[in-house]
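Grab a pencil and work through these short exercises with the structure open beside you. Each one sets a task and then walks through a solution.

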Number of protein chains: 2
Amino acid sequence: MKANGENRPGQNRPSHNRPGRGSVIETLTRVCLGPPLANRESRQREIGVLEGVPALGLDGLSSSAYGPEAALAVLTAVGVAGLGYFGPIMLTILALLGVLFLSYRQTIAAYPQSGGAYTVAKENLGANASLLAAAAIMVDYVLNVAVGISAGITALVSAVPMLHAYTLPLCLGVLVLLTLVNLRGVVDAGRLFALPTYLFVGSFIVILLLGGYAAVTSGGHPHALVAPPAPPPAVEAVGLWLLLRAFASGCTAMTGVEAVSNGVSVFREPRVSVARQTLAIIVVTLAFLLGGIAYVASAYGIAAMDQQQPGYQSVLSQLAAAIVGRGAFYYVAIASALAILCLSADTSFVGFPQLCRLVAQDGYLPRPFATVGRRLVFSVGVIYLAVTAGLLLVAFGGITDRLIPLFAIGAFLTFTMSQTGMVTHWRRELGGKRHGERRRVWLHLCINATGATATGAALAVIIIAKFTDGGWIMIVAIPVVIVLLKTIKRYYDGLDERLCDREALQFRKGKPPIVLVAMEGWNRLTDKALTLAMELSPDVLAVHLTALEGPDAGADERKLRAQWAAEVEKPADAARYPHTPQLLFLNAPYRRIHTPLLQSIKRVKGENPERTIAVLIPELVKTHWWQYLLHGGRAHRLLSAVLEYGGSRVVAIVVPWYLQEPNIEEAMSEEEQAAPARSHKITAARRQRRSGKRA
Amino acid sequence: MKANGENRPGQNRPSHNRPGRGSVIETLTRVCLGPPLANRESRQREIGVLEGVPALGLDGLSSSAYGPEAALAVLTAVGVAGLGYFGPIMLTILALLGVLFLSYRQTIAAYPQSGGAYTVAKENLGANASLLAAAAIMVDYVLNVAVGISAGITALVSAVPMLHAYTLPLCLGVLVLLTLVNLRGVVDAGRLFALPTYLFVGSFIVILLLGGYAAVTSGGHPHALVAPPAPPPAVEAVGLWLLLRAFASGCTAMTGVEAVSNGVSVFREPRVSVARQTLAIIVVTLAFLLGGIAYVASAYGIAAMDQQQPGYQSVLSQLAAAIVGRGAFYYVAIASALAILCLSADTSFVGFPQLCRLVAQDGYLPRPFATVGRRLVFSVGVIYLAVTAGLLLVAFGGITDRLIPLFAIGAFLTFTMSQTGMVTHWRRELGGKRHGERRRVWLHLCINATGATATGAALAVIIIAKFTDGGWIMIVAIPVVIVLLKTIKRYYDGLDERLCDREALQFRKGKPPIVLVAMEGWNRLTDKALTLAMELSPDVLAVHLTALEGPDAGADERKLRAQWAAEVEKPADAARYPHTPQLLFLNAPYRRIHTPLLQSIKRVKGENPERTIAVLIPELVKTHWWQYLLHGGRAHRLLSAVLEYGGSRVVAIVVPWYLQEPNIEEAMSEEEQAAPARSHKITAARRQRRSGKRA
């Protein structure tokens with residue numbers, strides 16, 4: 001048994017005493033993220049409309065809390081004269097929203113495999129356009145997380161000033177919550193965030209209905225329970241430029257609409273219909289909220305207040321107070337608004353990993369982005385998003401007001417790309433259709449063309465209006481991201497080209513490798529390693545490094561020489577073994593184990609130009625963290641050096657030696673132990689049998 | 001060539017274009033620590049008296065700055081009546097110092113291989129006593145670093161109050177400086193710190209001579225240039241307890257005396273004589289400073305001031321101001337005193353690694369403590385000391401006053417152990433000596449016995465006087481350290497027992513291993529790995545994991561099957577190869593690569609109870625940090641899992657694949673390239689030739 005490398009049975013303690021190395025981490029992960037999910041469970045992890053609205057709609061719905069206010073803030077700057085334009089501007093935005101809704105309904109049906117702007121542009125406008133869309137939307141998603149959380153926490157802090165010192169920790173806390181929930185899965189996020197979402201939607205529908213009723217019954221001049229502060233007097237005339245800026249600011253209310261089309265693949269079957277229903281609910285609710293706010297706010301004469309001044313109240317807060325007074329209902333409504341502002345980043349956590357997966361599958365992002373994680377979500381994308389947004393939050397100290405203008409640019413660029421791509425799509429479709437169907441396709445084409453024109457025009461307005469407010473950052477950031485994506489693609493393409501094997505396997509018998517065995521002294525490790533080396537090849541060379549510990553060491557060289565004679569050479573002579581291993585002493589003047597070994601590898605390579613050199617490294621397997629402190633980690637350093645510098649004719653063989661024989665089950669989670677993996681073997685015989693049957 | 005695993009020549013760019021992975025780190029290390037030193041350079045790195053006094057004497061000499069003051073502080077508490085006892089107490093301490101000096105002179109001669117208390121106790125009093133000594137002195141060294149730096153920086157901060165906010169960063173800065181200098185080597189530390197040391201010694205010798213001359217010529221009542229503040233009035237009578245406490249406090253002035261005997265091995269030859277000269281210079285200078293301070297301070301009527309009060313001035317500062325006034329000389333002297341207080345920790349950095357090396361060679365500390373580092377110092381000990389002291393400094397915010405009492409306990413425990421050990425040593429020596437020599441040995445014995453008695457008595461006084469001031473912490477810490485040391489020893493002994501091989505190598509020809517080849521698809525990596533596998537064994541099984549990316553993946557299984565038929569099975573049939581590799585598809589339901597593979601390893605092990613299983617892992621070698629982001633690191637995870645859980649019949653073979661063929665020289669430093677390592681080979685033939693010559 002010993003010659004076979006097996007530890008003595010008497011030395012193996014029962015395996016259940018041997019703690020798995022990662023057991024603490026695994027327990028923690030299990031608590032935070034839940035048990036691992038199998039591939040076959042993916043169906044159960046798909047979401048319906050109920051979870052879809054919170055998961056993919058939080059961004060869109062929460063924008064009703066700041067979009068109208070942003071437009072109103074621009075108008076309020078010129079006093080009462082400006083406020084009159086609030087209604088028309090919001091109507092324009094609602095019309096644009098309607099066009100977008102119709103367009104995206106069509107996109108979802110046409111591209112049920114997650115038809116975001118990236119896919120649509122790739123299929124219809126080419127690789128460069130798709131990368132532009134991908135870059136814009138990726139930058140947007142990252143900004144959305146930082147800005148969304150920051151906006152929510154800023155609102156919370158202005159409501160509860162004693163939290164002011166904790167702005168950044170609060171932001172990071174929300175970020176960690178969102179990350180953990182989304183690592184658990186989209187379903188869990190959808191369910192957890194359903195309560196605040198539906199509470200917000202419900203309470204503001206009630207408020208707006210009450211306010212609307214009061215406005216209509218009072219002939220347009222309702223009585224406010226809590227009167228809003230008077231708007232400032234007119235200071236300048238209303239010009240076109242002001243109206244364009246107000247429109248551009250109000251467009252932030254639409255930024256979440258793309259999310260559903262990016263996330264189609266997270267829905268359950270019938271996928272297209274569920275996604276369309278979800279989109280419809282989100283857009284109709286958003287439209288109601290936007291329109292209601294515009295009408296009621298105008299009726300009650302509510303203006304935006306300066307956020308920098310003390311006593312600031314948001315438009316929503318003024319509205320709720322005016323209509324229902326400062327009672328319990330007011331506080332529930334405002335608290336839910338705060339909550340969904342904080343959680344609006346959740347939509348990015350659903351959309352971003354899905355987008356990155358598509359981009360990574362095309363080779364423009366690192367491959368791990370396309371790998372499903374423990375809970376069947378694309379964990380790498382989730383973590384990357386969290387880290388990038390976290391860095392932004394830390395860099396800006398949790399206050400990201402200046403990033404808000406950047407937002408709408410990315411979103412409207414994406415809208416325009418997506419619509420333009422759909423126009424091309426329908427034009428292609430037109431070719432193969434009969435006359436009766438062509439009309440339907442023409443209708444689709446017109447809708448998307450209208451969408452493309454409208455969002456394109458809006459994009460132009462936004463870029464011009466926001467350029468000096470920081471919009472130029474997007475103009476810089478997006479090309480940088482595109483270059484990065486292309487560089488990654490070039491690396492992978494080059495790698496695939498290099499790895500591609502156009503030749504068949506060769507079946508001429510080569511010589512066995514020359515085996516170098518690294519040894520520290522004569523012990524069981526060396527015995528096991530030499531035994532294996534002799535099984536692999538007749539050419540075995542044991543290598544011992546001297547003076548590794550320092551100038552005073554090296555006294556044991558003589559001892560090892562005697563042991564070698566007694567334990568290796570004498571029995572080899574006795575057994576008339578023809579290929580007795582040789583022992584090589586290497587001096588390590590700089591006490592670095594790998595350089596002398598690499599030098600002798602080079603020498604052996606030079607002497608044997610056709611043969612493979614196998615470096616055999618015995619390693620004591622460590623099962624406790626403290627063992628890493630007690631052992632120098634030489635085996636590992638040696639392995640790294642041999643692999644990094646050895647060259648393509650060198651391979652490394654690691655021979656483990658266990659203090660306690662391990663049990664393979666320890667490496668498996670409970671779930672894996674319960675459901676053993678399936679396997680099937682393809683052998684030449686079986687293949688011939690099968691092809692025989694077919695013939 | 002391809003079948004041999006070599007990359008195509010055309011694909012190899014010139015090797016000098018390929019940057020070494022650690023090149024930035026190596027450049028930084030080279031700047032901070034200097035070039036690596038070879039074992040043969042160790043002679044040049046030994047120190048003489050000139051460097052020895054700063055390197056090993058800083059602790060002792062700097063204690064003159066706080067030892068007398070500590071004693072005086074206790075006495076000042078009872079007013080003028082107490083000050084009269086300052087002279088007698090300092091005389092007692094000087095007498096003790098004399099005894100210690102004579103004792104350690106003898107110890108150095110008797111144990112020239114670093115004769116610290118650990119070695120002396122081990123040779124004469126047994127393992128347990130030696131561990132007690134080692135634990136006491138190790139704890140002491142760590143405390144000395146934290147307290148020394150903290151005391152220096154506290155003095156600096158009280159002199160320059162605007163630095164107060166930076167106390168901790170300043171402490172850590174000094175710690176980093178000391179660590180880097182000592183990682184460079186003892187010689188460098190000795191040379192760098194010579195200037196402040198000799199400046200301090202020189203200026204205070206001048207000050208004390210001037211003060212002493214003034215005191216003598218004025219009949220004991222010299223005129224102070226800057227009058228010291230009047231001592232407080234008497235508040236209580238002087239009791240024995242107060243005198244004992246003053247004595248115990250004053251004993252901190254002796255704590256650095258052990259260092260030279262611990263560090264004997266860092267001196268150049270003639271080692272004993274150089275070490276004795278260094279010890280003599282340190283002790284005589286210290287004695288002069290202590291005696292001088294006692295005499296002159298009494299003459300000038302200087303008392304200790306309360307450190308907590310504003311306007312505090314140290315005894316040295318009062319003394320210098322009284323004798324030479326507040327001119328340039330005063331500031332030079334006080335600045336040098338500050339500098340050596342900060343740097344007093346340097347002595348620990350020399351002594352601690354040397355001690356740890358001895359303890360580690362005996363198996364009581366992790367083996368890396370006994371390994372010489374880049375610059376021929378025991379780097380692990382230096383770094384461990386720095387980290388532990390750094391943690392103490394951070395934990396106490398850079399203010400470690402409360403740790404000062406702990407000091408003297410460790411030092412005097414060590415003194416007593418060392419002297420007692422020497423008494424036993426001489427008693428044993430007595431046995432084998434003739435009458436004439438016995439007298440000399442008796443003299444040695446008496447000196448050490450006096451030393452043991454005196455330091456033992458002092459230790460008892462210190463423990464009693466300091467117990468409630470925190471002395472109890474040492475009484476707790478030392479046993480904890482001893483238990484830790486013994487646990488480490490037990491682990492190594494158990495390991496050696498398990499690893500010890502009492503059987504000779506067996507030479508019956510075993511079967512070759514069964515080779516499992518992990519593959520991701522058909523490419524050059526797989527080709528190279530399979531070719532190697534077939535060189536090693538006729539039993540080759542290629543393993544492909546499906547559904548690793550997630551539930552949607554796995555479409556390429558059919559493609560791989562076709563490639564396998566075309567690239568492996570067809571050519572194998574054509575070449576009539578008898579052992580065509582088989583292809584095994586493994587399903588990974590939880591997307592973890594290692595568990596299905598471990599399960600099939602278990603199955604193969606079960607089916608082949610006598611054979612070794614080799615898992616062949618192809619790995620793309622990464623040379624840039626960003627490549628780790630672009631590749632998933634599966635090969636590495638697989639290797640770890642196979643080694644950790646595979647069991648003793650499993651070995652791992654890593655087959656590297658290079659994008660660019662590496663050059664072995666890249667792994668070597670300039671120095672290693674300049675001086676290639678020597679090697680010599682022991683072969684059976686050569687051995688027989690040699691033994692033939694002998695016969």
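## Exercise 1: a salt bridge inside chain A

A:Arg191 is exposed, with a relative accessible area of 55% (buried means under 20%, exposed over 50%, partly exposed in between, using a 1.4 Å probe and protein chains only). A quick note before going on: this is a predicted model, where local features need pLDDT of at least 70, side-chain atom pairs count only at pLDDT 80 or more, and totals for chains, interfaces and linings use all residues. Residues are numbered from 1 along each chain as its sequence is written, chains are lettered from A and ligands numbered from 1 in the order in which they are written, and side-chain values use heavy atoms, with hydrogens and water left out.

**Task.** Find which side chain A:Arg191 meets in a salt bridge, and work out what the pair ties together.

**Solution.**
- Step 1: Recall the general idea: side chains of opposite charge can pair when their charged atoms come close.
- Step 2: Apply the rule, which asks for a side-chain nitrogen of Lys or Arg within 4 Å of a carboxyl oxygen of Asp or Glu. The partner of A:Arg191 is A:Glu51, at 3.5 Å from N to O.
- Step 3: Place both ends. A:Arg191 sits in helix α9 (residues 186-192) of chain A and A:Glu51 in helix α2 (residues 49-62) of chain A, so the bridge ties together parts 140 residues apart in sequence. Helices here are DSSP runs (H or I, at least four residues) and strands are too (E, at least two), numbered from the N terminus.
- Step 4: Check exposure at the other end: A:Glu51 has 9% relative accessibility and counts as buried.

## Exercise 2: bridges between the chains

**Task.** Say how many salt bridges the rule finds across the interface of chain B and chain A, then look at the pair B:Glu665 and A:Lys602.

**Solution.**
- Step 1: The rule finds four across this interface, while a search of the whole structure gives 32 over all chains.
- Step 2: B:Glu665 and A:Lys602 meet at 2.8 Å, N to O. This pair runs from the loop between β5 and α25 (670-674) of chain B to helix α22 (residues 594-607) of chain A.
- Step 3: B:Glu665 is partly exposed at 27% relative accessibility, and A:Lys602 is partly exposed at 40%.
- Step 4: Now swap the chain letters: A:Glu665 forms a salt bridge with B:Lys602, with the closest N and O atoms 2.8 Å apart.

## Exercise 3: the interface and its strands

**Task.** Describe how much chain B and chain A bury between them, and which strands pair across.

**Solution.**
- Step 1: Count contacts (heavy atoms within 4.5 Å): 157 residues of chain B touch 158 residues of chain A.
- Step 2: The two chains bury about 13400 Å², 52% of it on carbon and sulfur atoms. Buried area is the accessible area (1.4 Å probe) that two parts lose on being put together, summed over both.
- Step 3: Strand β5 (residues 650-657) of chain A pairs with strand β5 (residues 650-657) of chain B in the antiparallel sense over three bridges; pairing takes at least two bridges found by DSSP. In this pairing A:Ala652 stands opposite B:Val654.

## Exercise 4: a buried threonine

**Task.** Is B:Thr455 buried or exposed, and which residues is B:Thr455 in contact with?

**Solution.**
- Step 1: Find B:Thr455 in helix α19 (residues 435-499) of chain B.
- Step 2: Its relative accessibility is 1%, so B:Thr455 counts as buried.
- Step 3: Leaving aside neighbours within four places in sequence, its contacts include B:Leu96, B:Phe412 and B:Gln419.
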